[in-house]
Amino acid sequence: MSGRDLFCQPRRIRRGAALTLVFASVLVAGAATGSLPEADRKTATDGARSAAPASHHADVARAAEEAIADGTSPVEAAQRAVSRSGDRWGAVYSPGEYEEFEETLDGQYTGVGLWARQRDGRIEVTEVGRGTPAAEAGIRPGDRLRSVDGEKVDGRPVTEVVSLLRGDPTGEAPGTSVRLGLERGTRVWTETLRRARLSRDSVTVRELSGRVTLIKVAAFTKGSGDQVRDAVRRSPAGAGIVLDLRGNSGGLVAEAVTAASAFLDGGLVATYDVEGEQRALHAESGGDTTRPLVALVDGGTMSAAELLTGALQDRARAVVVGSRTFGKGSVQMPARLPDGSVAELTVGHYRTPAGRGVDGRGITPDLEADEQALRRAETILTGLGR
């Protein structure tokens with residue numbers, strides 16, 4: 001599984017995963033990205049509240065109200081109510097945490113600029129962003145991360161390690177320091193970095209040998225769907241495409257649907273239910289349906305990225321290569337609580353065009369591959385092109 005300090009949300013992964021599936025409506029997605037005027041934001045969250053299970057939201061709101069009356073923390077009270085409900089992906093965010101999430105969906109984050117994966121129980125740096133604190137400290141891909149602020153990270157999920165790097169557990173802000181224990185070959189050392197407010201383009205494109213275009217989507221942030229479509233249009237005529245969704249922890253489903261429209265000529269992308277009411281997501285017409293396409297996935301491919309993968313696989317548009325995806329296929333909707341905090345509660349589940357449920361199951365690739373996944377993808381594209 002791979003991870004990044006770009007898209008891991010405050011304090012725990014299930015909070016972030018809950019917010020990554022805000023696709024109840026255009027209004028809700030707009031509220032999540034901050035793209036709606038302030039006057040419309042209340043309408044969006046109120047609409048979400050009415051769509052979610054009334055008793056579920058009512059219990060959480062009641063807990064927050066009682067806490068306010070008692071002079072205790074309404075956020076903590078609401079969190080306990082969510083925990084009692086058994087909602088695996090439900091979560092409660094303070095106003096500040098929700099605002100931070102909105103900024104993240106615009107491609108901004110607090111961190112040190114390194115990406116990592118777990119390999120044989122150890123945390124390995126896979127990428128270092130240019131001009132970031134990690135780059136300035138001389139950290140390189142391949143370095144082993146041993147500890148964060150004295151806490152050993154071997155054997156811990158990448159998401160937890162990323163959260164420590166960001167300072168989520170203690171609410172650290174840009175400018176605060178973080179001490180990293182590192183290893184490179186026989187060298188072992190400690191480096192102290194200062195967190196910074198960083199930005200990252202979630203879509204990167206590069207040309208590989210053999211007339212192959214690699215489109216890497218790190219997360220479905222605002223505008224990423226159009227970036228994928230532009231990358232496909234600009235790809236050399238006849239070139240095969242590798243759509244790299246490894247480590248993509250999700251984002252705005254509307255953006256994933258737009259990305260699907262780059263490869264499909266309309267039609268179904270996914271269905272989902274809200275309180276028993278069936279709804280559907282469709283691609284726009286006019287996508288490129290002729291280029292050979294391979295989608296790369298792994299255990300860090302989540303939610304909106306799984307929705308896109310399932311659509312491309314079910315509709316026989318792409319060969320999926322890699323390892324089984326995470327398995328986050330539930331639908332959450334946000335609701336504003338009396339103190340201004342936000343509750344994200346599960347209201348349904350989505351299914352692929354063939355009717356497959358993803359939650360708890362993930363997407364099984366057509367071809368299993370690990371370290372050689374990209375090479376296998378290039379080989380497949382060569383055969384498809386012929």
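Helices and strands are DSSP runs, numbered from the N terminus. In these terms, S303 lies in the loop between strand 16 (293–297) and helix 11. The model described here is predicted.

S303 has an unusual backbone angle to report. Most residues other than glycine have a negative phi. The phi of S303, however, is near 40°, a positive value in a residue other than glycine. S303 has a relative accessibility of 0%, so it counts as buried. D149 also has a positive phi, near 50°, and is not a glycine. Its loop runs between strand 6 (144–148) and strand 7 (151–152). D149 counts as partly exposed, because its relative accessibility is 38% and the partly exposed class lies between 20% and 50%.

Strand 12 was examined next. It spans residues 212–217, and 6 of its 6 residues are buried. Strand 12 is therefore largely enclosed by the rest of the structure. Its side chains point in two directions. V212, L214 and K216 point one way. T213, I215 and V217 point the other way. Both sets are buried, K216 included.

Strand 12 pairs with strand 11 and with strand 13. Strand 11 covers residues 203–208 and runs antiparallel to strand 12, with 6 bridges between them. Within this pairing, V205 of strand 11 stands opposite I215 of strand 12. The two strands form a hairpin, with 3 residues between them. G210 sits in the turn and has a positive phi of about 75°. Strand 13 covers residues 240–244 and runs parallel to strand 12, joined by 5 bridges. Here L214 of strand 12 stands opposite V242 of strand 13. The chain passes from strand 12 through helix 9 (residues 224–234) to strand 13. This β-α-β crossover is right-handed.

Nonpolar cores were then considered. In soluble globular proteins, nonpolar side chains tend to be buried together. The largest nonpolar core in this model holds 41 residues. Four of its members touch the most other members: I215, F220, L243 and F263. I215 belongs to strand 12, where it is buried. Helix 11 (residues 304–314) gives the most to this core, with 6 residues. A second, separate core has 21 residues, including I123, I139, V153 and V158.

The contacts of F220 can be listed in more detail. Residues up to four places away in sequence are not counted. F220 touches L105, L245, N248, G250, G251 and L252, among others. Its contacts also include E255, A256 and A259. A304, A305 and L308 are touched by F220 as well.

Aromatic rings were searched for across the whole structure, and 2 aromatic pairs were found. One of them is formed by Y93 and Y98. Their rings lie 6.3 Å apart, centre to centre. The angle between the planes is 65°, and the pair is edge-to-face. Both tyrosines are buried: Y93 has a relative accessibility of 0%, and Y98 has a relative accessible area of 3%.

Charged side chains over aromatic rings were also found. R187 lies over the face of W189, at 3.9 Å from the ring centre. The charged end of K328 sits over the ring of W89, 5.2 Å from its centre.

Technical notes: Residues numbered from 1 in each chain as written. Predicted model: local features only at pLDDT ≥ 70, side-chain atom pairs only at ≥ 80, totals over all residues. Heavy atoms only, no water. Buried < 20%, exposed > 50% of the residue type's maximum accessible area, 1.4 Å probe, protein only. Helix = DSSP H or I, 4+ residues; strand = E, 2+ residues; numbered from the N terminus. Pairing = 2+ DSSP bridges. Right-handed = clockwise from strand over helix to strand, strands pointing away. Phe/Tyr/Trp six-rings, centres within 6.5 Å; stacked < 30°, edge-to-face > 60°. Lys NZ or Arg CZ within 6 Å of the ring centre and 35° of its normal. Core = buried A, V, L, I, M, F, W, Y, C linked by side-chain atoms within 4.5 Å. Contact = heavy atoms within 4.5 Å.
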